[in-house]
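Please open the structure in your viewer and keep the selection tool at hand. The stops below are meant to be followed in order, one selection at a time.

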Amino acid sequence: MTSFGDRLQNLIKSNNITQKELAYKLNVKRGSVSNWVTNRRFPDAETLIKIADYFHVTIDFLLRGDNDSFKKDYDEINNLHKRYLDLNEDNKELIDIMIDAMYKKEKDK
């Protein structure tokens with residue numbers, strides 16, 4: 001089972017950033033990030049939220065893990081996003097309309 005520090009280190013590496021860059025983005029000292037990665041310390045709740053938001057992951061993932069599920073979901077979403085960006089503006093508009101209609105239908109159930 002991986003630790004919070006292991007998961008954070010994997011996110012840092014997979015996003016091609018440094019601990020220093022993450023510290024800057026989160027407005028914390030680089031030493032804080034180093035302490036988290038090495039499991040010497042743990043971020044406070046507010047910073048945990050910032051980390052999750054920055055990496056587009058859930059707090060549950062940061063705390064409990066489940067890399068396989070996360071990676072599969074992330075890859076699928078990333079692939080869909082790339083395909084969407086390749087569409088022309090008319091097709092993007094059609095997709096947006098379809099998603100809005102499906103969302104409304106689900107919400108009205």
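In which helix is I49 found? Select residues 45-55, which make up helix α4, and you will have I49 within your selection; please keep in mind throughout the tour that the model is predicted.

With I49 still highlighted, turn on the surface, where this residue counts as partly exposed at a relative accessibility of 43%. Then add F42, I59 and L63 to the selection, since together with I49 these residues make a nonpolar surface patch of about 340 Å².

For the next stop, select residues 30-37, which form helix α3, and pick out S34 among them. S34 is buried because its relative accessible area is 16%, which falls under the 20% cut-off for that label. If you leave out residues up to four places away in sequence, the residues that S34 touches are Q19 and R40, which you can show as sticks. You may also draw a distance from the C-alpha atom of S34 to that of Q9: the two residues are 25 residues apart along the chain, and the separation between these atoms is 9.3 Å.

For the last stop, select helix α7, which covers residues 89-107, and find K92 within it. Is K92 buried or exposed? K92 is buried, because its relative accessible area is 13% and the label applies under 20%. To see some of what surrounds K92, display Y84, L85 and L87, with which K92 is in contact once its neighbours within four places in sequence are left aside.

Methods:
Residues numbered from 1 in each chain as written. Predicted model: local features only at pLDDT ≥ 70, side-chain atom pairs only at ≥ 80, totals over all residues. Heavy atoms only, no water. Helix = DSSP H or I, 4+ residues; strand = E, 2+ residues; numbered from the N terminus. Buried < 20%, exposed > 50% of the residue type's maximum accessible area, 1.4 Å probe, protein only. Contact = heavy atoms within 4.5 Å. Patch = residues over 30% accessible without salt bridge, like charges linked within 9 Å, V, L, I, M, F, W, Y side chains within 5 Å. Areas by Shrake-Rupley, 256 points an atom, 1.4 Å probe, with all protein chains shown as cover. Salt bridge = Lys/Arg side-chain N within 4 Å of Asp/Glu carboxyl O.
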